[in-house]
Every structure is written in structure tokens, then in C-alpha cells.
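Here are some worked exercises to try with the sequence and the model side by side. Take each task first, then follow the solution step by step.

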Amino acid sequence: MHNTENRRTWTDAQLSEAVASSPSWRAVARALGLKNTSTGAIRRHAARLELDTSHFTGQRRWSDQRLREAVAGGSCWADVIVELGIADNGAERVRIKGHAVRLGLDCTHLKSPLAQSAPIEVFDEAVRPEMLRYSAAALAMAWFTLRGCAVALPIEPQEYDLLVTTPDGVQRVQVKSCAAPAKRGYWHVGIGRRPYVLDKTAGKMPYDPDSIDLFFIVLGDGSIYVIPSAVLAGRTSISAANYTPYRVGDASSLLGGAPVAMDAPRRVSAYAREFLGIRGLVDPQAFAFDVYSGREAV
């Protein structure tokens, strides 16, 4: 049996009937007594006659029309799969989604049953000043790391909190914080430690300057200080206002405050420049740790 464009063994009426009663193009070819290789010519004549093939399923158990109806009536993809009567697995779900996209179906209303609408604010919890003491070490680690210094935590409790590798060697850093100023507006920072005794009421004592190299101090207003232990030797508390030459940056936006002004003076200690070496850069303003609330990067 031969099939050419000029000589056919079937009529348009027979093709229309075969298309209407068949689930696929191969089934149409079989109904007309043709080989599967004849589907190309059949498709062209079906397109000429504008025959409806939306009921074709091929190897699928559902037709385009059933998919359209399932998508329109479902609230999630699970509903669509149940309506089509197939197993809900990853491969079938992807196949159905892909077919729906090819058909140009509107699937925007199909959501996961567990999906929740996105909150207006991703995270809007207020800053808790009392948590500064727990986050100060993380700020210190970020500050030194951003300047190319490797930071490590001691395995066992030590008098220092961090070990920072600088061009001049490993620096032992003690981290301190002060969440709020005193009544008169001064920032009084406790830099002492309690002795290792059972009596928890024992007064604080200064750190041994031979056990600590640097103090990293962060205040509740975002001010950051890096002060050599030799400068603070023998002290258990200080007023931050007396150590402005050692103020090296500002993280006020992290703490919910106003960002530092772009043209605000930033004085950096000569010691701080020296111990960081080339990582301190020539421009002292590059040494600051500023986090702005706008589009400025850290």
C-alpha cells in the first residue's frame, strides 16, 4: 500500500474519523491501514483540515484537554495529578508541568499546600542591646578577617578570646563590649576579669599584659576600638572617650543606629596601622569597618 501526496488510499472523511477516534498519530496510521512512518503526511493533512487532536495522549494516559481541565480546576499540582489519575512522583510531576508550559496554560494559581505567602518583612526583629556581649566576638572575627587576618578560637578557655595572625605574628585578642552609656552619656567599659575562685562576688582584676596583646572593644552605638594591652595595663575599666585615637570603625547600622556620616573623621592609631602592615593600606579610611544602612557595602 503506497502513500503519496498525489495518491492517497484514504479520504479526508476517513482521516477525520480516524483522528476523532484515536489516541495518537500512530493509532491514526493504523486505523487508515498505514505504516507508522506515514504519520508526517497524516499530520499535514490533519492540519489542512484543522482537525482537533487535543484528545491525543500518545503514551500518556491523559489528554491535553484533560490536563487543561485539571489545571483550571486544581488549587495545587497535587490536585492536578489526582485528577489525571497518575502516581504522584517527581518524574511525572515534572512531565506534567512541562506539558502544561508547552500548552501555554496559566499555572500561577497552583501552589504547594504547604506554601505560605511571603511576609512583608523578611526579618524585622528589633536589636536587643543586651545581646551585644554575645555578638561582639563575631564582630571582631569579621573585622579582622576582612583585613586579611586569619582568626582562630582557642580550644580551651584562655584569658584571650581570639588568636589573630598578622604580619607581625599571632596576636591574642580579648573582646569586650558595652551595650549602653552611663547616665551622663559616657561609655564606661569594663575590661577586667574575675579571678578563678569559687566566690563569685570577688572583684574584678586587670588582665596580665603578658597574656593579652590587643583589646577589641565594641560599643552599643557601633564604635569599634582596637587598643594594645600595654595601653590599658593595670586597668579594669575605661572611658571610651579617652581612647578616640584607637577608634578604628563603626558598625552602627548593625546595631540599629544611624550610619556614620560619610565625611566623619576617622582617626586610626599608628599602632593599629603598624600591626596590620600592608593590610592596613595607605589610606586610613580604608581601615574603618563601616556598615551603612543604604546601598554602601561593608
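A residue is called buried when its relative accessible area is under 20%, exposed when over 50%, and partly exposed in between, with a 1.4 Å probe and protein chains only. Helices (H or I, at least four residues) and strands (E, at least two) are DSSP runs, numbered from the N terminus. This is a predicted model, where local features need pLDDT of at least 70 and side-chain atom pairs count only at pLDDT 80 or more, while totals for chains, interfaces and linings use all residues. Residues are numbered from 1 along each chain as its sequence is written, and side-chain values use heavy atoms, with hydrogens and water left out.

**Exercise 1. Get an overview of the protein.**

Step 1: Start with the secondary structure, which consists of eight helices and eight strands.

Step 2: Turn to burial: of the 298 residues, 37% are buried.

Step 3: Look at contacts (heavy atoms within 4.5 Å). Among those with a separation of 6 or more, 54% are between residues 24 or more positions apart.

Step 4: Finish with the surface, calculated by the Shrake-Rupley method with a 1.4 Å probe. The accessible surface is about 18,200 Å², and carbon and sulfur atoms hold 53% of that.

**Exercise 2. Find out which residues cover the two faces of β5, and which strands pair with β5.**

Step 1: Recall that side chains in a regular strand alternate between the two faces of the sheet.

Step 2: Apply this to β5. One side carries L214, F216 and V218, the other F215, I217 and L219, and all of these are buried. Since six of the six residues of β5 are buried, the strand is largely enclosed by the rest of the structure.

Step 3: Look for partners, remembering that two strands pair if DSSP finds at least two bridges between them. Strand β3 (residues 169-178) runs parallel to β5 and is joined to it by six bridges; here K176 has I217 as its bridge partner.

Step 4: Strand β6 (residues 223-228) pairs with β5 in the antiparallel sense, over five bridges, and F215 stands opposite I227.

Step 5: Check the turn. The β5 and β6 hairpin has three residues between the strands, and G222 there has a positive phi near 100°.

**Exercise 3. Work out which side of helix α5 is buried and what packs against it.**

Step 1: In α5 (residues 77-84), pick out the buried residues W77, V80, I81 and L84.

Step 2: They span an arc of only 95° around the axis, so they lie on the same side of α5; the arc is taken from the directions from the helix axis to the C-beta atoms.

Step 3: The buried residues of α5 pack against α4 (64-73) and α6 (90-102).

Step 4: Just after the helix comes G85, with a positive phi near 70°.

**Exercise 4. Examine the salt bridges.**

Step 1: Use the cut-off: a side-chain nitrogen of Lys or Arg within 4 Å of a carboxyl oxygen of Asp or Glu. The whole structure has five salt bridges.

Step 2: One of them joins E159 to R193, with the closest N and O atoms 3.9 Å apart. E159 sits in the loop between β1 (150-152) and β2 (162-166), and R193 in the loop between β4 (188-190) and β5 (214-219), so the pair ties together parts 34 residues apart in sequence.

Step 3: Compare burial: E159 is partly exposed at 21% relative accessible area, whereas R193 is buried at 14%.

Step 4: Another salt bridge links D250 and R247 at 3.3 Å, N to O, and both residues are buried.
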